[in-house]
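Reader: I should like a close look at the charged side chains of this model, together with the strands and helices that carry them. Please state every cut-off on which the account depends.

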Amino acid sequence: MSEPRPDPEALLRAAAREGKGRLKVFLGAAPGVGKTFEMLSDGAGRRDAGVDVVIGVVETHGRRETEAKVHGFELIPRRQIAYQGHVLDEMDIDAVLARKPALVLVDELAHTNAPGSRHDKRYQDVEELLEAGIDVYSTLNIQHLESLNDLVASFTRVRVRETLPDRVIEDADLEIVDIPPDELIERLREGKVYVPAEASRALGHFFTKSNLSALRELALRRAAQAVDAQMLDYMRANAVGGNFAVNDRLIVAISEQPGAPELVRAAKRLADALRAPWTAIHIETPRTSGFTAAENTQLAETMHLASQLGAQVATVPAETVVQGLMQFAAEARATQLIVGKSIRSRWFELRHGSIVDRLVRETPELAVHVVPLPPGSGTRPARPQRRPGAWGSLEGYLLSLGMTGLVTLLGAALFARGNITNIGLLFLLPVLFAATRYGLRSGVVTGLVSSLAYNFFFIPPTHTFTIEDPQNIITVLVLLGVAVVGSQLAARLRDQALLARASSAQNSSLAGFARQLTGISSTDEFARLVCAEVGRLFGINTLVLMPDGDGLPVRSSQPPGCQLEVLDAAAARWCFDNRRPAGRGSDTLTASEWLFYPLGTADKVLAVFGVARPDARAPVRADQLPLLLSLLDQAGLALERIVLEDEMLSLAQVRERDRLRHALLSSVSHDLRTPLTTIIGSLREITALSPEQDIQLAATRTEAERLHRFVANLLDMVRIEAGSLRQSIEPVDLSEAVASALHDLGAALKDHPARIAIPPDLPLVLVDPQLFHHCLINLIENAAKYGNSGAPVTVRASGDATGLALSIEDEGPGIPDGQEARIFETFARIEGSDRRGGTGLGLAIVKGFAEAMGLQVSAANRTDRPGAAFTIRFAANQLRELPGL
């Protein structure tokens with residue numbers, strides 16, 4: 001066998017990891033085993049060694065030992081997010097990125113972030129930190145892995161809601177944090193994991209010894225699998241030979257024999273017992289081309305059975321079965337090989353040898369399992385007719401015999417000039433010609449005829465078949481031997497050429513398909529190309545379905561006009577929703593005439609591809625699946641590229657619209673502000689000559705001031721979007737700030753009495769007075785505008801240990817459910833509520849100013865009566881006690 005070479009894909013994966021941070025996960029079987037404590041201990045060791053270590057987020061859950069470990073670390077302040085009347089603390093990923101430490105500690109990798117965070121899951125925050133080149137330590141319980149979710153629920157009777165994909169920890173360094181179940185249960189009873197009431201419930205449900213033992217085994221096995229996968233990747237990238245297997249990897253060799261399904265089932269049982277991955281492989285040798293339809297069907301059914309039982313399926317071309325198995329086992333770093341042993345005659349083994357014996361002898365690093373196949377498996381099924389050309393063609397025989405006659409005439413002419421002893425070598429020419437051109441049988445027949453001709457015309461006594469000289473017997477036997485050897489060599493070369501041609505055709509199909517996909521820029525062109533090319537290569541009907549709103553219509557088909565029945569449409573929808581094949585030949589909705597495959601990425605399905613045959617047979621043979629899946633993988637990548645290009649184009653258009661809107665707002669607001677200032681000043685100087693004129697002037701001044709506030713809002717929005725807000729943070733008294741805002745809104749509040757409930761002993765708040773004044777103006781005016789006529793506007797404040805909350809409440813219809821966050825969007829006007837009308841800028845400005853000052857603003861419906869309440873939340877570090885208190 002050839003020397004191992006670096007695997008290009010492994011090298012690419014290694015190159016992709018360059019420049020990224022490393023993730024280390026402290027993996028445990030259950031809460032309370034000490035993952036956070038171990039992470040802090042390891043981080044403290046790195047910190048003491050001179051590494052820049054910070055804490056992004058650590059959950060101590062009130063455990064004294066863990067809290068003691070936190071001391072000495074730099075803590076990145078958490079970001080506060082208001083949600084449904086509560087303030088939630090989340091890791092401030094932007095602060096961590098700005099700080100850019102060498103190592104950050106991030107607890108609870110599977111945590112779900114609060115709504116409004118940049119990412120839905122904490123592991124996505126960690127991935128962004130890793131992309132920035134920051135190393136991360138994190139913790140995880142084994143039950144939070146997505147692949148084990150169902151398994152854990154089956155014996156714990158608890159369905160874990162917070163999960164993460166297994167890919168997150170594939171490249172991570174895993175450290176098992178493990179303690180015996182009895183010790184963990186004792187810690188639980190002592191109150192070191194949960195408070196006593198929760199501990200009692202946990203002991204009766206999740207924290208049983210059987211559950212903890214099973215979870216512990218899962219954690220240890222998953223860690224072993226991760227180490228094994230990383231070791232294999234390293235070996236492939238660095239061309240390291242050998243197995244060095246931490247986990248077993250099984251290969252089962254399948255063939256066209258009737259007993260192959262029993263072999264696959266035996267391999268499945270062994271793989272389950274060892275909990276090892278397994279692959280069903282078929283070696284495609286030159287004899288594969290001679291399979292009958294029944295043998296091809298048997299092979300396809302066996303490969304499909306292996307796929308259904310969870311095996312990876314592969315077809316590998318090779319000159320011999322032994323060579324192909326040895327090569328694949330070396331590349332896959334297999335540890336165990338399962339083969340079937342048929343009952344063969346001694347004569348058959350003498351002629352063809354024993355594959356099992358060769359494997360045992362030539363693969364000492366593999367454990368070879370020999371499974372006896374049922375009687376009759378070693379013989380092929382009866383063939384209805386002999387393959388055409390098996391005995392050669394009449395044309396070949398005639399041409400070979402004609403060439404033998406020409407050689408005989410040439411030899412006779414030479415023989416007439418003298419007794420030439422080497423004339424027999426001339427008869428090798430027709431033998432080699434027949435063997436290399438027409439195969440073994442034609443070569444043997446030509447060799448026999450040549451031997452007889454040489455004997456009859458040139459070996460004394462001539463014109464008889466008697467041989468007097470024993471040396472001439474050797475000459476005749478040599479001619480026959482050359483015919484046999486030459487025929488075998490020729491057949492081998494021909495078969496290798498056919499295999500190379502088939503492999504070249506497959507590679508050419510993949511390359512040509514990829515080349516055509518690179519030139520596609522629209523989804524319609526993509527659908528037409530994929531349907532046409534796959535349909536042409538496999539001779540099947542094809543179609544592509546893409547989502548359109550809530551439906552999944554046919555985008556293109558080959559032949560055109562294909563329509564789906566109700567059952568077929570249901571199979572396509574199931575495939576799209578579950579990201580798994582469905583339909584004929586799969587495990588779901590097998591009554592459908594179509595077989596559907598999802599197209600897209602590992603995380604998102606972008607389309608569904610369907611295949612079928614007009615005669616209702618299986619759409620694709622199992623031995624054709626690798627090529628089909630390779631084509632669909634390429635199609636999925638191309639479709640993702642097209643969708644991303646469309647999204648980038650849409651994003652560019654949105655950015656251009658935002659730029660134009662920003663320019664328009666800036667221009668209009670500046671152009672309006674100067675004349676408005678003049679108008680308001682003039683109106684204030686005009687003295688009314690009559691009561692009617694006084695009323696008109698007051699109304700005009702009110703509307704002019706309202707228009708002035710609208711223009712000011714436009715300018716404020718421009719400043720927010722441009723990021724040009726300037727702040728001067730200083731202590732402000734809430735009572736004075738609210739009184740100032742109410743004074744400026746005297747006209748707007750003439751029909752809405754103001755109720756102020758602000759305790760006098762509240763601390764001062766650290767804000768920018770001007771920006772905070774704008775926030776109060778907009779919130780109070782909003783409450784007056786959308787409250788019921790004559791209803792009061794209430795401003796109340798209250799404080800607790802976590803901070804202070806200031807609420808502005810109205811008495812109107814309130815806010816529709818689910819619109820509490822959208823109401824703060826720019827130009828947002830909520831239909832079906834008291835938030836109709838207006839410009840949609842006031843609340844967006846409030847949110848922008850509040851976030852610029854580090855405050856949290858939220859909207860909700862009142863609980864005591866109909867109406868809306870808008871709350872500004874001040875954290876404890878944004879308060880300043882009054883002097884003398």
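Author: A residue is called buried when its relative accessible area is under 20%, exposed when that area is over 50%, and partly exposed in between, with a 1.4 Å probe and protein chains only. The model is a predicted one, in which local features need pLDDT of at least 70 and side-chain atom pairs count only at pLDDT 80 or more, whereas totals for chains, interfaces and linings use all residues. Residues are numbered from 1 along each chain as its sequence is written, and side-chain values rest on heavy atoms, with hydrogens and water left out.

Of the 885 residues of the protein chain, 42% are buried by this criterion. The chain holds 25 helices and 26 strands; both are DSSP runs numbered from the N terminus, helices being H or I over at least four residues and strands E over at least two. Where contact means heavy atoms within 4.5 Å, residues 24 or more positions apart supply 69% of the contacts with a separation of 6 or more.

The charged pairs come next. A salt bridge requires a side-chain nitrogen of Lys or Arg within 4 Å of a carboxyl oxygen of Asp or Glu, and a search of the whole structure returns 23 of them. In one of these, lysine 20 meets glutamate 131, with the closest N and O atoms 3.0 Å apart. Lysine 20 belongs to the loop between α1 (8-17) and β1 (23-28) and glutamate 131 to helix α5, so the pair ties together parts that are 111 residues apart in sequence. Lysine 20 is partly exposed, at a relative accessible area of 38%.

Strand β1 contributes to another pair: aspartate 42 forms a salt bridge with lysine 24, the closest N and O atoms being 2.7 Å apart. Aspartate 42 sits in helix α2 (residues 35-48) and lysine 24 in strand β1, 18 residues apart. Because its relative accessibility is 17%, lysine 24 counts as buried.

Within helix α10 (residues 260-274), aspartate 272 and lysine 268 are four residues apart, about one turn of the helix, and their side chains meet in a salt bridge of 3.2 Å, N to O. Both are partly exposed, aspartate 272 at 43% and lysine 268 at 23%. Salt bridges with shared partners also join Arg796, Glu809, Glu811, Arg862, Asp864 and Arg865 into one network.

Which charged residue is buried yet has no salt bridge? Lysine 121 is such a case; the nearest side chain of opposite charge, glutamate 162, is 5.5 Å away, where Lys and Arg count as positive, Asp and Glu as negative, and His and the chain ends are not counted. Lysine 121 is placed in the loop between β6 (103-106) and α5 (122-131). Leaving aside residues up to four places away in sequence, lysine 121 touches Ala110, His111, Thr112, Asn113, Arg161, Glu162 and Thr163.

Aspartate 810 lies in the loop between β23 (803-809) and α25 (842-852), and its relative accessible area of 1% makes it buried. The C-alpha atoms of aspartate 810 and tyrosine 786 are 7.6 Å apart, although 24 residues separate them along the chain.

Finally, the strands β24 (residues 856-861) and β25 (residues 868-875) run antiparallel and are joined by six bridges; two strands pair if DSSP finds at least two bridges between them. Serine 858 has threonine 871 in β25 as its bridge partner. The hairpin has six residues between these strands, and there glycine 867 adopts a positive phi near 140°. Strand β25 also carries phenylalanine 874, which is buried with a relative accessible area of 0%.
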